[in-house]
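User: I should like to understand how the terms used for a protein structure are justified. Please take me through this example step by step.

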Amino acid sequence: MALLPILEFPDPRLRTKAATLEPAQLADPAFQRLVDDMFETMYEAPGIGLAASQVDVHQRFMVIDVSEEKNRPLVFVNPEILERAGEQVYQEGCLSVPNIFADVTRANEITVRALDRHGKSFEMHVDGLLAVCIQHEMDHLEGKLFVDYLSPLKREMVRKKLAKAKRQAAA
């Protein structure tokens, strides 16, 4: 397994809409290795979710593990939200927007349908943190970031803060 580089805002590649995967692609050992590498990258970061778009692979899948023990890995290929209910405000962060957190309003409960890493279809009805995480990662697959929910002024402040942090790290 290998750690993958995570794209950071405002990298324009984060705005790429991900392509649907064909079930036959999931049988490719390279795909299975990529899934494993994404889990390793996510756990090392540390994070609770990582969309393929964040590692410059523009295919519709993501890995998630919101468990404290990091022992409940979930893979969602070609995910789609079938139902949304309620509303919650959650302070979100993102591996592509390091050290920035902001309140985002999302559905409190969702029903999602996807394929697992081996191409088996499943549906899940989830709420709370897992619902937030799925919605957040699905945004990545559409080329959207959590900072897009912020005002233009706050988004520009985030961009400047990240640019300053990069300059300081390079110095």
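Analyst: This is a predicted model. We may begin with one contact: the side chains of R15 and D148 meet in a salt bridge, at 2.6 Å from N to O.

User: Why is the contact between R15 and D148 called a salt bridge?

Analyst: The term requires a side-chain nitrogen of Lys or Arg within 4 Å of a carboxyl oxygen of Asp or Glu. R15 and D148 meet at 2.6 Å, N to O, so the pair satisfies the cut-off of 4 Å.

User: Which parts of the chain does this pair link?

Analyst: The pair links distant parts of the chain, 133 residues apart. R15 belongs to the segment before α1, and D148 to the loop between α2 and α3 (152-170).

User: Why do R15 and D148 count as partly exposed?

Analyst: Buried means under 20% relative accessible area and exposed means over 50%, with partly exposed in between. R15 has 36% relative accessibility, so R15 counts as partly exposed. D148 has 24%, and therefore D148 also counts as partly exposed.

User: What makes the contact between R113 and E80 a salt bridge?

Analyst: The closest N and O atoms of R113 and E80 are 3.5 Å apart, and the cut-off is 4 Å. The pair therefore qualifies as a salt bridge. R113 lies in strand β6 and E80 in strand β3, 33 residues apart, so that distant parts of the chain are linked.

User: Are R113 and E80 buried, exposed or partly exposed?

Analyst: R113 is partly exposed, with a relative accessible area of 31%. E80 counts as partly exposed at 38% relative accessibility.

User: What does the salt bridge between R113 and E123 tie together?

Analyst: The side chains of R113 and E123 meet at 3.6 Å, N to O. R113 is in strand β6 and E123 in strand β7, so the salt bridge ties together parts that are ten residues apart in sequence.

User: How many salt bridges does the structure hold, and which residues are linked in a network?

Analyst: The structure holds eleven salt bridges. D11, R13 and D56 are linked in a network of them.

User: In what order do the strands of the open sheet lie, and what makes β1 and β7 edge strands?

Analyst: The five strands of the open sheet have the order β1-β2-β3-β6-β7, with antiparallel pairing. β1 (49-51) and β7 (121-127) are the edge strands, as each pairs on one side only. From one strand to the next, the twist averages 40°.

User: How do you know that β1 and β2 pair?

Analyst: Two strands pair if there are at least two bridges between them. β1 and strand β2 (residues 61-64) have three bridges, in the antiparallel sense, so the condition is met. L50, for instance, has V63 in β2 as its bridge partner.

User: Which helices lie across the strands of this sheet?

Analyst: Helix α1 (residues 29-44) lies across β1, β2 and β3 (74-85), at about 45° to β2. Helix α2 (residues 128-141) lies across β1, β2, β3, β6 (109-115) and β7, at about 150° to β2.

User: What joins β4 to β5, and how do you know that they pair?

Analyst: A hairpin joins β4 to β5 through two residues. Six bridges join these antiparallel strands, and at least two are required, so they pair. The bridge partner of E92 in β5 is A102.

User: Where do β4 and β5 meet the largest pocket?

Analyst: β4 (88-94), β5 (97-106) and α2 each supply at least two residues of its lining. The largest pocket has a volume of about 440 Å³ and is lined by 23 residues, of which G47, I48, G93, C94 and L95 lie nearest its centre.

How values were computed. Residues are numbered from 1 along each chain as its sequence is written. This is a predicted model: local features need pLDDT of at least 70, side-chain atom pairs count only at pLDDT 80 or more; totals for chains, interfaces and linings use all residues. Side-chain values use heavy atoms; hydrogens and water are left out. Helices (H or I, at least four residues) and strands (E, at least two) are DSSP runs, numbered from the N terminus. Axes are lines fitted to C-alpha atoms, for helices over the stretch in contact, and angles run from 0 to 180 degrees between N-to-C directions. Contact means heavy atoms within 4.5 Å. Buried means under 20% relative accessible area, exposed over 50%, partly exposed in between (1.4 Å probe, protein chains only). On a 1 Å grid over the protein atoms alone, a cavity is a set of points where a 1.4 Å probe fits but cannot get out, and a pocket is an open set with protein on both sides within 12 Å along at least five of seven lines; lining residues have an atom within 4 Å of a point. Grid points are joined across faces, edges and corners, and a volume is the space filled by probe spheres set on the points.
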